[in-house]
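Please walk through this model with me, moving outward from the packing in its interior to the contact between its chains and then to some details of the backbone.

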Amino acid sequence: MNIATEFWTWNAAILTIAIFSFLWRDNPLYRIAEHLYIGVANGYSITLTYFNVVVPMMIDPLVNAGKMVKQDGFSTAVLNPFNDANFFIILPMMVGALYITRFIPKISWMVRIPIGLTMGYYTAISIPASFEAGILRQLEASIVTRAQLAEFWPGFWTIVILLSTLATLIYFFFSTEQKGVLRPISNFGILMVMIGFGASFGLTVMARISLAIGRFIFLFKDWLGVVS
Amino acid sequence: MSNRVEIQTVWQKMMGVDRRVIYVIVALVMIIPIIFPFDLPIRVSERTTQALFDAVEKFPKEHNAMLISADLSPQDQPELYPMLVSLLRHSFHRRIKVLAMCLYANSLGLAEQAFNQVVSEFNNRATTDEERIIYGRDYVFLGWKPPPIVPILGLGENIFDVFPKDFYGNDLNLQPMMTNIKSYRDMDMIASIAANSLPITYVAYAQARYGIKVTAGVTAVSVADFYPYLDSGQLTGMIEGMKGAAEYEKLVQEKFSDQERRMACEGMSAQSTTHIAIILMVILGNVCYFMQRRHENRRGV
């Protein structure tokens, strides 16, 4: 047994046990660890955001532009958004600040401006990308080619993928009643969906076990040192 | 008759067992193999782990740089951290230049820790300057820039516009490694180590627009989402959860005789015993359910 002597290892071990104690029942030790985690995570994120985003992208350009004007007088260069020192940043800052109007009932409608701009940007940028990567390339991959059938197992799985894709699509086709020939195809589709859910459940179990194992290895190897 | 009623009551009792009993059983089947580990064969998956390993092995000299998007966080550390460490060991063994960044703030600490660990492993063994891993020459840590879409797209145009300085505040253009690396065009592959859908985001934005190869290291819970992208060839290999990380550790160890700690392999025996225990419990739970239902049907409840 080679127990750890570092303060932070002990700290992590005690907090791990405190979180695990919830499995028995809710208790003050668990509550302390939970609140500590939320507080530390928020504080860490806010500090990093301030020093990595607010300072270099908002404060520095304005301060540098102010210094430039003081030194050399006003020039159009301080309005160029591509310069390190510019006043142009005030414009997006003002648009961003409109989020705060949500808390002032009389002008709360102004919050729609930054929301609209953000939604417009992300929608425009994501539609072609998602269509290309998620639909066109996937459709292309579902096409069976002669080369894929050259070997037995790869060819077999290619056909399984094609048939299960078609059957699942038919199962989710609600514009007509699923009877006649559509019924067995639809049943095959739901079977494939169920197999997919089963696989996802198995993978979820595997993931959760991995996380618990990671913590137990930490406790028994890094903290208590009972494992060589 | 009374004997039969007693047996049926057992099914009922088993179905109503306190969940804490199950927690204790699971904890025991996990802890015992950790304290008394035993070796189980690790079979490497051809389509996923081996494919990624081969892609790194075949790295072309003219594009000798890989971007690692290290987006792991404390809650997925046991699965993703060993992947990142193994990938770094493999890249540094092959002298591939590594450029790393994080798309989330809480990934920075773990990503830096992984670099420090692997760099010190190499430097402790090194006898010449050539064998050492040197910051700026062999790897650069860009740090974090939100929101994710900005660096993903921006790195396709000009890295220096998105990251004028590295994580440590040094001017990026002064790093020797960066003289030949300006955008995705100067890299061969992006490795996205993430617990969410970020690898698909890289496929949609970086690969579709700039044609760069994308590979992924993901948690087991999200693996199923990525199989269609693997089948279509949009992902070049993949590391799947702790199991995949153990496979990658094995491949790196066998290829380079690397004797460093294999964190994912340490958990494999515990994972196998726990899986067996859970499979048995699922079967037992179903048997209890059907026996109880049969009992109720016979009694006409």
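In this predicted model, a convenient place to begin is Ala100(B), which, once its neighbours within four places in sequence are left aside, is in contact with Ile68(B), Ala70(B), Ala111(B), Phe115(B), Tyr139(B), Phe141(B) and Leu142(B). Together with Leu84(B), Ala100(B) has the most contacts inside the largest nonpolar core, a set of 93 residues. The element that gives the most to this core is helix 4 of chain B, residues 77-93, with eight residues. The core also draws at least three residues from each of the two domains of chain B, domain 1 (2-37 + 270-299) and domain 2 (46-264).

Those two domains are the parts into which chain B is divided, and their C-alpha centres lie 42 Å apart. Along its principal axes, the C-alpha trace of chain B spans about 85 × 40 × 35 Å, and its secondary structure comes to 12 helices and six strands. Of the 301 residues of chain B, 44% count as buried. Among the contacts in chain B with a separation of 6 or more, 72% are accounted for by residues 24 or more positions apart.

From chain B we can turn to its contact with chain A, where 38 residues of chain A are in contact with 35 residues of chain B. On the side of chain A that touches chain B, helix 2 (28-72), helix 4 (112-141) and helix 6 (182-223) of chain A each supply at least two residues, and helix 6 of chain A gives the most, with 17 residues. By residue class, this side of chain A divides into 25 nonpolar, 11 polar and two charged residues.

Helix 6 of chain A appears again when one examines helix 2 of chain B, residues 19-35, whose 17 residues reach 25 Å from the first C-alpha to the last, close to the 24 Å expected at 1.5 Å a residue. Which residues of helix 2 of chain B are buried? They are Met30(B), Pro33(B) and Ile34(B), and because they cover an arc of only 115 degrees around the axis, they are placed on the same side of helix 2 of chain B. What covers these buried residues includes helix 6 of chain A together with helix 12 (268-299) of chain B, whereas on the other side of helix 2 of chain B the residues Arg20(B), Val21(B) and Val24(B) are exposed.

Helix 8 of chain B, residues 198-210, offers another case to examine, for this helix is mostly covered, with 10 of its 13 residues buried. The buried residues of helix 8 of chain B run through Pro199(B), Ile200(B), Thr201(B), Tyr202(B) and Val203(B), and include as well Ala204(B), Tyr205(B), Ala206(B), Gln207(B) and Ala208(B). Just after helix 8 of chain B, Gly211(B) takes a positive phi of about 75 degrees.

Positive phi values also occur in residues other than glycine, as at Arg95(B), where phi is near 60 degrees. Arg95(B) lies in the loop between helix 4 and strand 2 (97-102) of chain B, and it counts as partly exposed because it has 13 C-beta neighbours inside 10 Å. Ser257(B), likewise a residue other than glycine with a positive phi, has a value near 50 degrees and lies in the loop between helix 10 (241-256) and helix 11 (263-266) of chain B. With 8 C-beta neighbours inside 10 Å, Ser257(B) counts as exposed. A further backbone detail is the peptide bond from Pro146(B) to Pro147(B), which is cis, with omega near -15 degrees; the place of Pro147(B) is in the loop between strand 3 (139-144) and helix 6 (149-157) of chain B.

In chain A, finally, Ser21(A) is found in the loop between helix 1 (7-20) and helix 2 of chain A, and its 15 C-beta neighbours inside 10 Å make it count as partly exposed. Leaving aside its neighbours within four places in sequence, Ser21(A) is in contact with Asn27(A), Leu29(A) and Tyr30(A). Ser21(A) and Ala77(A), by comparison, are 56 residues apart in sequence and 61 Å apart in space, C-alpha to C-alpha.

Technical notes. Residues are numbered from 1 along each chain as its sequence is written. Chains are lettered from A and ligands numbered from 1 in the order in which they are written. This is a predicted model: local features need pLDDT of at least 70, side-chain atom pairs count only at pLDDT 80 or more; totals for chains, interfaces and linings use all residues. A nonpolar core is a set of buried Ala, Val, Leu, Ile, Met, Phe, Trp, Tyr and Cys residues joined through C-beta atoms within 7 Å. A residue is buried if 20 or more other C-beta atoms lie within 10 Å of its own, exposed if 12 or fewer, and partly exposed in between; C-beta atoms are placed from the backbone. Helices (H or I, at least four residues) and strands (E, at least two) are DSSP runs, numbered from the N terminus. Domain bounds come from an automatic or database domain assignment. Two residues are in contact if their C-beta atoms, placed from the backbone, lie within 7 Å. Ala, Val, Leu, Ile, Met, Phe, Trp, Tyr, Cys and Pro count as nonpolar, Asp, Glu, Lys and Arg as charged, and the others, Gly among them, as polar. The expected span of a helix is 1.5 Å times one less than its number of residues. The arc is that of the directions from the helix axis to the C-beta atoms.
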